[in-house]
Amino acid sequence: MRRVAVLALLTLLLTALGGALSVALGWSSLPIVPGAILCAYAALVDPPIEGVLTAAAIGLVVDAMTGTSLGLNVLALVAVLVGSRLVTGFVTSPRGLPAAAFVGGFSAVHAFVALLLLFLFQRRGGFGLLSVFTVAVANAAASIVVIPLVQRLLVALRLEERDETLQERLAGKGRA
């Protein structure tokens with residue numbers, strides 16, 4: 001449970017940092033969504049139940065920080081995380097090109113689901129698919145830097161073993 005709280009707090013900090021950076025640069029916003037990157041990381045390394053709890057916590061933080069309807073990103077992140085379980089077996093490590101591609105796909109589907117929910121339940125404006133592509137590419141590129149730093153932080157906090165796979169984590173929990 002501490003791992004979920006750390007990832008939610010990290011989402012809060014990275015989202016605030018991204019907002020401050022966009023203001024400092026004079027941009028309206030950055031296309032990077034730290035919550036989606038961290039949730040994709042959780043999809044790759046956490047067991048299913050812990051992953052869903054992480055997605056829900058990160059979704060609450062994203063909703064609170066972005067001003068969207070409470071529960072919109074919770075629903076979108078949990079749905080995408082559950083659906084992503086079909087392809088996580090193809091990504092053998094949370095680092096590298098396959099992981100970056102997974103983060104990009106995860107981010108694209110999350111952005112599409114969030115836009116769809118906004119379109120259906122909140123506003124009847126345009127439905128810009130260009131932003132989905134932009135967020136996916138930006139998150140995939142950012143994940144190359146963010147995920148190794150998150151892994152180091154979790155190892156330093158003793159919430160994760162160095163380069164431990166999901167199968168190794170689950171086997172370790174059975175022995176403890």
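Which residue's side chain does a polar contact of 2.8 Å join to that of Asn73? The partner is Asp63, a polar contact being a pair of N or O atoms within 3.5 Å in which, within protein, one can donate a hydrogen and the other accept it, and residues adjacent in sequence count only if both atoms are side-chain atoms. This is a predicted model, in which local features need pLDDT of at least 70, side-chain atom pairs count only at pLDDT 80 or more, and totals for chains, interfaces and linings use all residues. Residues are numbered from 1 along each chain as its sequence is written, and side-chain values use heavy atoms, without hydrogens or water.

**Asn73**

- Asn73 belongs to helix H4 (residues 72–84); helices are DSSP runs of H or I with at least four residues, numbered from the N terminus.
- With a relative accessible area of 5%, Asn73 is buried (under 20%, with a 1.4 Å probe and protein chains only).
- Beyond residues up to four places away in sequence, Asn73 touches Gly59, Val62, Asp63, Thr66, Thr68, His110 and Ala114, where contact means heavy atoms within 4.5 Å.

**Confidence**

- The protein chain has an average pLDDT of 88, and 89% of the residues score at least 70; pLDDT is the predictor's confidence in each residue, from 0 to 100.
- Mean confidence in the protein chain is highest in H4, at 96, and lowest in helix H7 (residues 166–175), at 55.

Note on methods: Helix = DSSP H or I, 4+ residues; strand = E, 2+ residues; numbered from the N terminus. Buried < 20%, exposed > 50% of the residue type's maximum accessible area, 1.4 Å probe, protein only.
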